[in-house]
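Me: I would like to go through the reasoning behind a set of structural labels, one label at a time. Please set each value against its cut-off before drawing a conclusion.

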Amino acid sequence: MEQYPAVAFMVRHGNILAVLAGLAPVILVATGVALGGWHWGWGIAGMTAGIGVGFGVRVFAELVRIIVDMLLPQ
């Protein structure tokens, strides 16, 4: 797997990356609401986006693991 460093990174750190990617929109919107005076409705949108992005990255990481298990020799 040393030939595919991006795949190795996703296999090793996919779950942490999914959590960080899911928290990024929430933190961004929370900062905007607190410091930028954004409307509180953006908070709901930020949480929804965080859940969607986190879920998408998690699914992608799991698909990469499945492909690695099936196609790459151990």
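**Contacts and labels**

Reply: Let me begin with valine 26, which touches Gly46, Met47 and Gly50 when residues up to four places away in sequence are not counted. The model is a predicted one, and valine 26 is found in its helix α1.

Me: What makes these count as contacts of valine 26?

Reply: A contact requires heavy atoms within 4.5 Å, and valine 26 touches Gly46, Met47 and Gly50 in that sense. The C-alpha atoms of valine 26 and methionine 47 are 5.4 Å apart in space, although the two residues are 21 apart in sequence.

Me: Why is valine 26 called partly exposed?

Reply: The label partly exposed lies between the limit for buried, under 20%, and the limit for exposed, over 50%; valine 26 has 29% relative accessibility and therefore counts as partly exposed.

Me: How do you know which label suits alanine 30, and where is tryptophan 42 relative to alanine 30?

Reply: Alanine 30, found in helix α1, has 43% relative accessibility, so the label is again partly exposed. Alanine 30 and tryptophan 42 are twelve residues apart along the chain, and their C-alpha atoms are separated by 8.5 Å.

Me: Why is leucine 20 called exposed?

Reply: Exposed means over 50% relative accessible area, and leucine 20, at 52%, therefore counts as exposed. Leucine 20 has its place in helix α1, and its C-alpha atom lies 22 Å from that of glycine 36, with their positions 16 residues apart in sequence.

Me: What is the span of α1, and what is expected of a straight helix of 31 residues?

Reply: Helix α1, residues 5–35, spans only 39 Å between its end C-alpha atoms, whereas a straight helix of 31 residues would span 45 Å at 1.5 Å a residue. There is also a kink of about 75° in α1, and this kink is centred on histidine 13. Following α1 comes glycine 37, whose phi is positive, near 75°.

Me: How does α2 fare when set against the expected span?

Reply: Helix α2 has 31 residues and reaches 45 Å from its first C-alpha to its last, which is close to the 45 Å expected at 1.5 Å a residue.

Me: Which residues of the two helices are called buried, and what do they pack against?

Reply: Buried means under 20% relative accessible area. In α1 the buried residues are Ala8, Met10, Gly14, Ala18, Ala21, Gly22, Pro25, Val29 and Gly32, and they pack against α2, residues 41–71. In α2 the buried residues are Gly46, Gly50, Gly54, Val57, Ala61, Val64 and Val68, and these pack against α1.

Me: What makes the pairing of glutamate 62 and arginine 58 a salt bridge?

Reply: The cut-off is a side-chain nitrogen of Lys or Arg within 4 Å of a carboxyl oxygen of Asp or Glu, and the side chains of glutamate 62 and arginine 58 meet at 2.9 Å, N to O. The structure holds one salt bridge. Because glutamate 62 and arginine 58 are four residues apart in helix α2, about one helical turn separates them. Glutamate 62 has a relative accessible area of 35% and is partly exposed, and arginine 58, with 38%, is partly exposed as well.

Me: Why is phenylalanine 55 called exposed, and which nonpolar surface patch includes Phe55?

Reply: Exposed begins over 50%, and phenylalanine 55, which is found in helix α2, has 58% relative accessibility and therefore counts as exposed. Phe55 makes a nonpolar surface patch of about 750 Å² together with Val59, Leu63, Ile66, Ile67, Met70 and Leu71.

Notes
Residues are numbered from 1 along each chain as its sequence is written. This is a predicted model: local features need pLDDT of at least 70, side-chain atom pairs count only at pLDDT 80 or more; totals for chains, interfaces and linings use all residues. Side-chain values use heavy atoms; hydrogens and water are left out. The expected span of a helix is 1.5 Å times one less than its number of residues. The bend at a residue is the angle between axes fitted to the seven residues ending there and the seven starting there. Buried means under 20% relative accessible area, exposed over 50%, partly exposed in between (1.4 Å probe, protein chains only). Patches are made of residues with over 30% relative accessible area and no salt bridge: like charges are joined within 9 Å, nonpolar side chains (Val, Leu, Ile, Met, Phe, Trp, Tyr) within 5 Å. Accessible areas come from the Shrake-Rupley method with a 1.4 Å probe; for residues, only the protein chains shown count as cover.
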